[in-house]
Structures are given as C-alpha cells and as structure tokens.
Amino acid sequence: MSKTPIITPPVSNTPVSKTPLLDTIDLPQALRALPEASLRQVADELRTETIDAVSVTGGHLGAGLGVVELTVALHYVFNTPADRIIWDVGHQAYPHKILTGRRARIRTLRQGAGLSGFTKRAESEYDPFGAAHSSTSISAGLGMAVARDLLGHDNKVIAVIGDGAMSAGMAYEAMNNAGHMHSRLIVILNDNDMSIAPPTGAMSAYLARLVSGGFYQTIRQAGSQLAKKLPKFFYNKAKKAEEFSRGYWMGGTLFEEMGFYYVGPIDGHNMDHLLPVLKNVRDNATGPVLIHVVTQKGKGYAPAESASDKYHGVNTFDVITGKQSKPKANAPAYTNVFAESLIKEAAKDERIVAISAAMPTGTGLDKFGQAFPDRTFDVGIAEQHAVTFAAGLATEGFKPFCAIYSTFLQRGYDQVVHDVAIQNLPVRFALDRAGLVGADGPTHAGSFDIAYLGCLPNFIIMAAADEAELVHMVATCAAHDGGPIALRYPRGEGVGVDMPEAGEVLEIGKGRVVRKGTQIAILSLGTRLAEALKAAEDLAARGLSTTVADARFAKPLDRELIRTLAQTHEVLITIEEGSIGGFGSFVAQALLEDGLLDSGALKFRAMTLPDVYIDQDKPEKMYAGAGLDAKGIVAKALEALGRGESGERVRA
C-alpha cells in the first residue's frame, strides 16, 4: 500500500504576533492561557527552536519535528502534568522538553551533566515515565490508568506511540489487556512511516470529529442500550453493523477488535483537525480510545524532509544548509568492519544470512542487504521474534547472524535461553554498542551482556580488542557450528591497527599475550586493551614490569593462560567493559576452583563498570569516571601492591 499522503496545513489568516510567543511560555499553563489562534505561531517557533538546539548538540531530530503540532495540541488540551503524557521511545520528546520548563537547558541535550535524550522521571514531573527501549508506552499508560481508578482520581492518561514501535508484540499485548479491562486510556498512534490507513483530508477530519464527539457517543450508547433489549443474535448483528460502518469509512478494524474505539486518521500537522478531536476524546471517552494521527518525519525542515532517513539521528549541523559535521576518521568504525567482514564470509558461504531488528543502518546490515538482499531480514522492533526466527533458520542448516545492539538483545533474553541455548543451536549474535555508548546514556549502554550470556550453558562469548580482531572473530563465528556464539564490539572507531586481508578462525577459548612482564599481569577483555598497554608503559616507568594479555574469550576461559599469569605474577588484574558478574567473576571462579587464591600470594583485582547507571557523556569521559582508563588501571595496580603514586611501598 502506498504511503498515506500528508495534507499541508492551510495558511492561517490570523495575524501573527510580533512578539515571539515561545518566549512567554515557561510551562504548559502559560501555553493554555493563549487563544487557539496563536497555536500555529507557537508550533512554528517551537519547530525553529528544536532545529536550532539539535544543530548544536546533535541527536534525534526527524521524529521531534514530526510531532511539533501534536505536542502543542496535547499540552494545550490536557492538564499536564496532572494528565499524564507518555512518549514512547523518547526520540520525539525534544519539543515536549522545550514546552515543559527545560528550554533554557535544551542545548545541553545528550551532553555530560545535561538533559537526557529521552524522557526521564528524575528530570521533570512532566515526564511521568522514562523512555528507553520502544513499545512500552501503552503498557505503562495502562498501569497508570488502573492506578488512577484504584485511587479514585479523574486525570487522563495519554500514550503516544509511533507506527514503527507498533511492530513490537508488547504493544499489542498491552492493547489487548486494555481492551479487555475497558480502561479509560487514550493511545495516539503517530503514523509517520508505514501506511495503515486511507488518506487523510477534510472528510476524514470531519468524520473523526463526528465520531469522537459527545452527540455521536450519546446516540451510540443509547442505541447500544436499546439493542441490548433485543435477542442476543440481533444485538450482536447490530453491534457488528455499527463497527463495520465506522470501519468502512475510517479504518481501524484491527484496533476495534482489540477493544479500542478508533478515531482517525487525522492530519497531525493541522491544528483545526487535532484540537477538536483531542477535546472530544478528553471529554467523552469512557473506555480505551486510539486516535490515528498521520505526521511527516522531519516536517518543516527541508534537509530533513528530503533525507532518506528524515534526519532520524544527526551529528551537529549547519541550520542553513543542513550539512552535518563529520568527525575526523582515524580508523574504520567497528560497525563497518563487521559489515564488510560478514559480506566477505557470506560470499564464500551461501548459508550465511543476516537478521536485524529495525536497525539495518545502525548494525551495518544495510550494506549486507545491498550485497545479499535475499539473505537479509529486517524483522522490525521485534527482538524476541528475531532470536527465535534465527533459531528456526539454524535448525535447517543456515548460519544466521543476529545483529542486535547489546542493550536491545535484553528484550529477547527468554528466547536466547529457551529457543537457542537449551537447544544448542548455532545462532551467531553480533552485539554492537557493547560497553558505554556516550550520548544515549544508560538506556542504550551495553553493560550487561557478558553477565547475562555468560551464565548460560552452551554459549561462547568473544570480545574484540580492536578492529583487526573483529575481522578474525567474524570468521570464527562463521566457522563455528557447535552451538550459540556471541561477538561483542563497541560503538565508534577502531584504534587504527593494520587490517588483515582476510579473517582467520581463532581457536575457541584461547587468549594471547601481547606484552611480557614479570610482576603485574593485566588480562583484558575487549577494547580496554589499548588502555591496558598504556598503563603497562606507565607502570614500567615506575619500575614495575607488566604483562598484558588479551583474553579474547569470556567463555570458555583460557584456563591455562589464567593459571600461568596467576602463578608467575604478584598481581593479576582483569578489566572489561561490562558489569559486575561478568568476565572478572568468571576468572575469580576459575582461580578459586584451581586453588590459586588459597595461599594469599596472588593479589587479584577485577575492574568492571561500577554498580550504577552512568549518565550520558563522551565515552572517554565515562570510562575515565568509571576508572577503566590507563590512569585507573595504574591506580588499581599500585593499590594492590600497597604502593603510592611514585611506586614506592606505602607503610601500613
């Protein structure tokens, strides 16, 4: 079906105020004090402010531009924060932040000690629910609606969810529950990508106003009461006839079957369409209602409108030209190395297929898709399905590479356990964005995968120390057919090492020594290896001979390497870009089992991410704050030896 066309809002004849209205709005109460005729100007100014702010900070622009009018209308019609507005995902929430007391800080967005790129309860009372992964808003909204009813309150609950997020099963689970409970909940479906409805326009807007209004609702309820006095057969037929008639003209049959009263589609950029429908639903809804709003990503900013990705995520950019700044590339990005390596392996083995969960560009599988379109599958925001889909492919002899960000694979964990690991199926998990990710903060950090995969039998876990190692590990995944295997690597550029012509298959469970010493041993997993080597240089300058080893595998461990390091060094330090309970814990368990900690001769330290959620900042600052840089490693080694900064022993 073709894309639902968007009707450009008519030019208003209302005189535009010479005074910038946005400057008069500190909170939504001030917005609600304005006449409706001023809202078009407010929306235009809000769009300009959003563009300017994101040009300074970078971030998610297209989604926010698409909901500017909707944001203004929601805060105008509803009594926020008493009425709850839940923004699914949060990419679309920048205009909301500007209107809710955070305009003065909007240019700190996604920066260290600045505003979060997502809604965050600790940040504002206007953020009733923190947005992280998508498709959660309806579930959260239903919980709030039920809590309201139990408390005897009368506030409204509105969940705004995009059509992309509706590809996740959780959204339908929530809708099914809400329809069954007949809870007073308003869901706004922001349709900005896929076409699931007839064209919007004057007739559609008229019908939406009509069926959401009190008169229609009253007639419908009266008719329903009258029909209930008829025999059940006739009552059911009458009910179906009304639903069919409304569905014929307006669509939404799926939502009606789930127990929602469907209204729409309406033009999400036209205040004359939005305001009366929102008011009608606010005043007349007695059960769950879905308002279908059609918007355009990047609306009102020509470079975003014409871009293929609608400026979904952008670096800082020039507002006039739309040209984005490009960081100087000293080394290839890990994501690109993964994609190119996988393409080379797939050229040799036609059984290799690739799966993405709505992130083809982010995982590099867009490039794989260009090379092998029939062997590339984007399943949408459906990580659970992606994992079991990959398991099904594996049962038939294919070699599925399931490329999912570390943080997103958490959503498919039950399927990883039951559908992959227990059956020992050779699904290859490529975990991009492992470790700390910078501006997206704790919701997108890949902090936990070593711990949550490492506890599963039948799993192999690798972590690339650099981009060359990533090439070898992709080849190792392609060659491994004995069960599930995971490969983790970070966001961003590599360290600039020489790249191999082709990947070599690594021996499973074997690490490597990259620098030999005698007193301190640093066993690194992942890209902290570069910092470990810097730390070794610093320690050597203090007269402390240091070995640096790359574990390569978190599971199975290289037990022989660990024993050798433990028996020939005074201090053994592990370091990883993961949480407590991961690689360091696995090594400690191995040392205990081998009795290497019994005598107390070995001083063992495990360096992990701290047991807190780390807010957004530049990755290097985040790792320094976590103590996982060269300076932190040196400090840990000196502490273990009981030495001060100079390297001399500290008296007890």
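**Asking how we know: salt bridges, burial and cores**

Modeller: Let's start with one pair: the side chains of Arg-542 and Asp-538 meet in a salt bridge, 2.6 Å from N to O. This is a predicted model, in which local features need pLDDT of at least 70 and side-chain atom pairs count only at pLDDT 80 or more, while totals for chains, interfaces and linings use all residues. Residues are numbered from 1 along each chain as its sequence is written, and side-chain values use heavy atoms, with hydrogens and water left out.

Biologist: What makes the meeting of Arg-542 and Asp-538 a salt bridge?

Modeller: A salt bridge is a side-chain nitrogen of Lys or Arg within 4 Å of a carboxyl oxygen of Asp or Glu. The N to O value for Arg-542 and Asp-538 is 2.6 Å, so the pair fits that definition. In general, side chains of opposite charge can pair when their charged atoms come close.

Biologist: Why is Arg-542 called partly exposed?

Modeller: Buried means under 20% relative accessible area, exposed over 50%, and partly exposed in between (1.4 Å probe, protein chains only). Arg-542 has 25%, so partly exposed is the right label. Asp-538, at 30%, is partly exposed too.

Biologist: How many salt bridges does the structure hold?

Modeller: There are 39. One of them joins Glu-469 and Arg-552, at 2.7 Å from N to O. Glu-469 sits in helix α21 (residues 467–479) and Arg-552 in the loop between β14 (546–550) and β15 (553–555), 83 residues apart. Helices (H or I, at least four residues) and strands (E, at least two) are DSSP runs, numbered from the N terminus.

Biologist: How do you know whether Glu-469 is buried or exposed?

Modeller: Its relative accessible area is 4%, so Glu-469 counts as buried. Arg-552 has 14%, so Arg-552 is buried as well.

Biologist: What makes a nonpolar core, and which residues have the most contacts inside the largest one?

Modeller: A nonpolar core is a set of buried Ala, Val, Leu, Ile, Met, Phe, Trp, Tyr and Cys residues joined through side-chain atoms within 4.5 Å. The largest has 54 residues, and those with the most contacts inside it are Leu-31, Val-72, Leu-74, Ile-188 and Ile-291. A second, separate core of 53 residues includes Tyr-405 and Phe-408.

Biologist: What stands out about phi at Ser-135?

Modeller: Phi is positive there, about 75 degrees, although Ser-135 is not a glycine. Ser-135 lies in the loop between α5 (94–102) and α6 (137–151). With a relative accessible area of 1%, Ser-135 is therefore buried.
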